[in-house]
Amino acid sequence: MQGGQMRTYKYLIIGGGMVADGAARGIRELDGEGTIGILSADVDPPYTRPALTKKLWTDPSFGWSQVPLGTQPETGADLDLETEVTSIDREKHQVRTAEGEDVGYERLLLATGVHPRQLDDAQDDAVIYFRSADDYHRVRRLATPGRRFVIVGGGYIGSELAAALIGQGCEVTLVFPEETLGGSMFPSEIASGYQRLFTDAGVQLLPGRQASVIGRDGQATIVTLDDGNALRADAVIAGLGTVPATELAEAAGLEVDDGIVVDAHLKTSDEAVWAAGDVASYPDAILGRTRVEHVDSARKMGRAVGRSMAGDPEPYAYTPYFYSVVFGVGWQAVGTLDPSLEVLATETGDGEPVAVYLDSTGAPVGVLLWQAEGRLDAARTLLARRPTDRDEIARSIR
């Protein structure tokens with residue numbers, strides 16, 4: 001602030017993740033001069049988040065210097081780190097930070113992301129709720145051969161970190177509530193094979209269990225399970241899912257329903273406010289209204305929302321995919337992965353497994369591609385067409 005004047009930006013972005021980077025670049029595609037401000041609570045500039053559980057652990061040629069996205073130098077945006085926004089005044093077109101500074105905007109983007117779910121009965125600092133670059137650096141320092149890790153939760157973060165840490169020579173115990181690892185997403189035969197990847201690598205699996213109490217005992221951390229058994233660890237990591245960070249939007253009176261509700265142009269119920277990324281509930285052209293937490297969505301929606309803010313009249317019409325890679329085995333998916341649905345097992349022309357999830361009418365609502373590259377467009381087309389003939393569904397993927 002200079003001379004008592006409030007800082008004001010043509011485009012103001014709250015949040016400093018991959019969506020903020022994509023939005024700034026999308027703005028610059030159409031508006032090379034408009035001022036851009038990014039207010040981020042993070043301690044690091046925008047970076048490629050998937051590397052935190054994937055490439056940084058598995059690719060020796062990929063180092064930390066390749067993780068930052070170069071947002072500020074490449075877009076000219078002003079970037080304020082460690083800056084928490086506490087309120088939005090929609091009438092005055094300004095936001096207030098925790099330090100008490102008011103920052104004005106013409107067009108505002110909420111890219112606030114999600115919060116990691118936390119355990120109800122865990123001692124302060126006894127658990128690493130893995131989410132940020134700071135968490136990665138902390139775990140990396142701890143990940144020396146022989147160190148004992150307990151990971152609570154068998155989703156993306158839990159499974160990928162279990163694979164990463166066992167690869168560093170650590171002792172890893174993975175605690176998860178499903179009877180089979182991956183059983184909440186994959187059909188039983190695929191889930192069983194997925195679980196074997198971990199047991200064969202030396203990960204100790206404790207299926208059907210949850211952590212009830214976590215606390216310190218000197219230098220060690222004790223995880224007491226719901227069956228009363230206790231695990232002793234050098235460090236405990238939790239990957240228990242997330243909740244959308246909608247507090248600012250709710251307090252500002254914007255429409256919220258499992259995320260900040262936006263239209264096909266990623267605009268909220270306020271004409272001057274957009275939302276995108278993990279926090280946005282948007283009308284997907286194929287899947288219907290949904291909210292997607294994955295890197296493909298962050299990249300594509302980030303660019304699209306920036307262009308929308310800069311005047312692009314085109315609606316957001318991209319359907320994202322999600323994926324994971326552990327122990328060199330990768331899968332990709334589009335739509336809903338729910339093994340309680342009827343699942344049609346088929347395969348690609350190369351013989352790779354494919355699972356198509358069917359709703360009560362027999363129409364496909366999700367496609368899992370196991371080690372099957374180059375079939376995402378076919379999967380999207382299948383979900384858009386919604387055929388019910390089983391032979392036609394199988395042919396569409398082959």
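Leaving aside neighbours within four places in sequence, which residues is S324 in contact with? Select S324 and find out; keep in mind along the way that this is a predicted model.

**Stop 1: S324**

With S324 selected, show what surrounds this residue: beyond its neighbours within four places in sequence, S324 is in contact with K54, Y156, E160, V329, G330 and W331. Now pick out E160, whose side chain joins that of S324 through a polar contact of 2.6 Å. S324 is buried, with a relative accessible area of 2%. Its place is in strand β21. For a sense of scale, draw a line to E342, which is 18 residues away along the chain: the two C-alpha atoms are separated by 23 Å.

**Stop 2: the antiparallel sheet**

Next, colour the strands of the sheet to which β21 belongs. You should see an open sheet of five strands in the order β21-β22-β25-β24-β23, paired antiparallel. β21 (322–326) and β23 (342–347) are at the edges with a single partner strand each, so one side of each has no neighbour in the sheet. Look along the sheet as well: on average, neighbouring strands are turned by 15° against each other, direction ignored.

Go on to β25 (364–370) in this sheet. Is β25 largely enclosed by the rest of the structure, or not, and why? Seven of the seven residues of β25 are buried, so the strand is largely enclosed.

Now follow the pairing on either side of β25:

- With β22, five bridges are formed, and the two strands run antiparallel. Select Q332 to see this residue opposite L369 of β25.
- With β24 (353–358), there are also five bridges in the antiparallel sense. Here V354 has L369 as its bridge partner in β25, and V356 stands opposite V367.

Travel along the chain from β24 to β25 and you pass through a hairpin with five residues between the strands. Stop at G362 in the turn, where phi is positive, at about 90°.

**Stop 3: two helices across the sheet**

Turn on the helices α9 and α10. Helix α9 (376–385) lies across β22 (329–335), β24 and β25, and runs at about 165° to β25. Helix α10 (390–397) lies across β23, β24 and β25, with an angle of about 135° to β24.

**Stop 4: helix α1 and the nonpolar cores**

Move to the residues of the largest nonpolar core, which has 64 members. Those touching the most other members are I88, V95, L108, L109, L110, V356 and V367. You have already met V356 and V367, which stand opposite each other in β24 and β25. Which helix gives the most to this core? It is helix α1 (18–30), with six residues.

Select α1 on its own. Its 13 residues reach 19 Å from the first C-alpha to the last, close to the 18 Å expected at 1.5 Å a residue. The buried residues of α1 are M18, V19, A20, D21, G22, A23, A24, G26 and I27. To see what covers them, show elements including β1 (7–14), β2 (36–39), α3 (71–75), β6 (102–110) and α8 (295–309).

Then centre on L109. Not counting residues up to four places away in sequence, L109 touches L12, I13, I14, A23, W274, A275, A276, V305 and M309. A second, separate core has 46 residues, including A51, V67, V139 and V365.

**Stop 5: the parallel sheet**

Colour another open sheet of five strands, this one with parallel pairing and the order β8-β15-β9-β10-β11. Its edge strands are β8 (128–129) and β11 (204–207), each pairing on one side only. β10 (171–176) pairs with β11 in the parallel sense over four bridges. Select V175 and look across to L206 in β11, which stands opposite.

**Stop 6: Q195**

Finish in helix α6 (188–201), where you will find Q195. What does the side chain of Q195 reach at 2.9 Å? Its target is the backbone nitrogen of L181. Expand the selection and, not counting residues up to four places away in sequence, Q195 touches F176, E179, T180, L181 and L205.

Terms used:
Residues numbered from 1 in each chain as written. Predicted model: local features only at pLDDT ≥ 70, side-chain atom pairs only at ≥ 80, totals over all residues. Heavy atoms only, no water. Core = buried A, V, L, I, M, F, W, Y, C linked by side-chain atoms within 4.5 Å. Buried < 20%, exposed > 50% of the residue type's maximum accessible area, 1.4 Å probe, protein only. Contact = heavy atoms within 4.5 Å. Polar contact = N/O pair within 3.5 Å; in protein donor to acceptor, adjacent residues only side chain to side chain. Pairing = 2+ DSSP bridges. Axes fitted to C-alpha atoms, helices over the stretch in contact; angles between N-to-C directions. Expected span 1.5 Å × (residues − 1).
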